[in-house]
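Got your viewer open? Grab the mouse and follow along, one selection at a time.

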Amino acid sequence: GPGPVLGVSYVYVANTGDNLQLRKEIQVCRFPEPRVFAGATIEAADVVVLRYHYPDGPHDAEAMFVDPKQGDVYLVTKRDAQSTVYRAPDIDDGKTVRTLERVASLPVTGICAADISSDGREILAKTLSQILLWHVLEDESISTALQRHPTRLPYVREPQGEAIAWGAQ
């Protein structure tokens, strides 16, 4: 996704899992996407650790996506009665623990993966048994789109399938 330097693509890695819901702080690591060559060993450089906490206490979140237009980080909880979506309102330097903003409740629980299309127009979310799709309308915020009922997509259940991503477009 985007980052603090215009035109540079960044990788985001979430350290947000919390099965027992005890962590007071979670982290998302951000670093410039390295060039990958066959057979090369790659190391992340210029890693910034973005630190967050939830406004309403600890949650277990396994799903994350980054808005390709605004650069906001979105986290989706797994164990709440209805999965909750939180937004980190800006890209920061990692020096401060930021409070996440609650932006939506989803009509499902158990979200274990999510992704947003590279144009920001479609959002996927996955549980162990279903895949959901939201369309983001022109000039609509992600939080507004997520408040609509999603479309359920065909899905052949995978054993412990806990990842989803859009293909290269």
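Let's begin with hidden space: the largest cavity has a volume of about 30 Å³. Keep in mind that you're looking at a predicted model. How many cavities of 30 Å³ or more does the structure hold? Just 1.

**Stop 1: the walls of the cavity**

Select F65, V76, V85, L106, A114, I123, A125, W134 and L146, and you'll have the lining of the largest cavity on screen. Try colouring these residues by class. You'll get 9 nonpolar, no polar and no charged ones.

Now click on V76, which is found in strand 5. Is V76 buried or exposed? It counts as buried, because its relative accessibility is 3% and the cut-off for buried is under 20%. For a sense of scale, draw a distance from the C-alpha atom of V76 to that of R157: the two are 81 residues apart along the chain and separated by 21 Å.

**Stop 2: the nonpolar core**

Next up is the largest nonpolar core, with 20 residues. Select F65, V85, L106, I123 and L146, the members that touch the most other members. You've already met these names, since F65, V85, L106, I123 and L146 are among the residues lining the largest cavity.

Which elements give two or more residues to this core? Show strand 4, strand 5 (73–77), strand 8 (101–105), strand 9, strand 10 (122–126), strand 11 (131–135) and helix 1 (142–146). Helix 1 gives the most, with 3 residues.

**Stop 3: rings in pairs**

Time for some aromatic rings. The structure holds 2 aromatic pairs. For the one formed by Y54 and Y86, show the side chains: this pair is edge-to-face, at 4.9 Å centre to centre with 70° between the planes. Y54 lies in the loop between strand 3 (48–53) and strand 4 (61–66), while Y86 lies in strand 6 (residues 84–88), so the pair ties together parts that are 32 residues apart in sequence. Both Y54 and Y86 are buried.

Then swing over to F65 and Y74. Their rings are stacked, 5.0 Å centre to centre and with 5° between the planes. F65 is buried at a relative accessible area of 3%, and Y74 is buried too, at 4%.

While you're looking at rings, select Y10 and R30. The charged end of R30 sits over the ring of Y10, 5.9 Å from the ring's centre.

**Stop 4: the largest pocket**

Now turn on a surface and look for the largest pocket, which has a volume of about 370 Å³. It is lined by 17 residues, and M64, F65, V66, A114 and D115 are the closest to its centre. Strand 1 (10–15), strand 4 and strand 9 (113–116) each give two or more residues to this lining. Strand 4 gives the most, with 5 residues. Colour the lining by class and you'll find 12 nonpolar, 3 polar and 2 charged residues.

**Stop 5: the second largest pocket**

For the last stop, select D67, Q70, E140, S141 and I142. Of the 15 residues that line the second largest pocket, these lie nearest its centre. The space in this pocket is about 250 Å³. What does its lining look like by class? There are 4 nonpolar, 4 polar and 7 charged residues.

Methods
Residues are numbered from 1 along each chain as its sequence is written. This is a predicted model: local features need pLDDT of at least 70, side-chain atom pairs count only at pLDDT 80 or more; totals for chains, interfaces and linings use all residues. Side-chain values use heavy atoms; hydrogens and water are left out. Rings of Phe, Tyr and Trp (its six-membered ring) pair if their centres lie within 6.5 Å; planes under 30 degrees apart count as stacked, over 60 as edge-to-face and the rest as tilted. Helices (H or I, at least four residues) and strands (E, at least two) are DSSP runs, numbered from the N terminus. Buried means under 20% relative accessible area, exposed over 50%, partly exposed in between (1.4 Å probe, protein chains only). A charge sits over a ring if NZ of Lys or CZ of Arg is within 6 Å of the ring centre and within 35 degrees of the ring normal. On a 1 Å grid over the protein atoms alone, a cavity is a set of points where a 1.4 Å probe fits but cannot get out, and a pocket is an open set with protein on both sides within 12 Å along at least five of seven lines; lining residues have an atom within 4 Å of a point. Grid points are joined across faces, edges and corners, and a volume is the space filled by probe spheres set on the points. Ala, Val, Leu, Ile, Met, Phe, Trp, Tyr, Cys and Pro count as nonpolar, Asp, Glu, Lys and Arg as charged, and the others, Gly among them, as polar. A nonpolar core is a set of buried Ala, Val, Leu, Ile, Met, Phe, Trp, Tyr and Cys residues joined through side-chain atoms within 4.5 Å.
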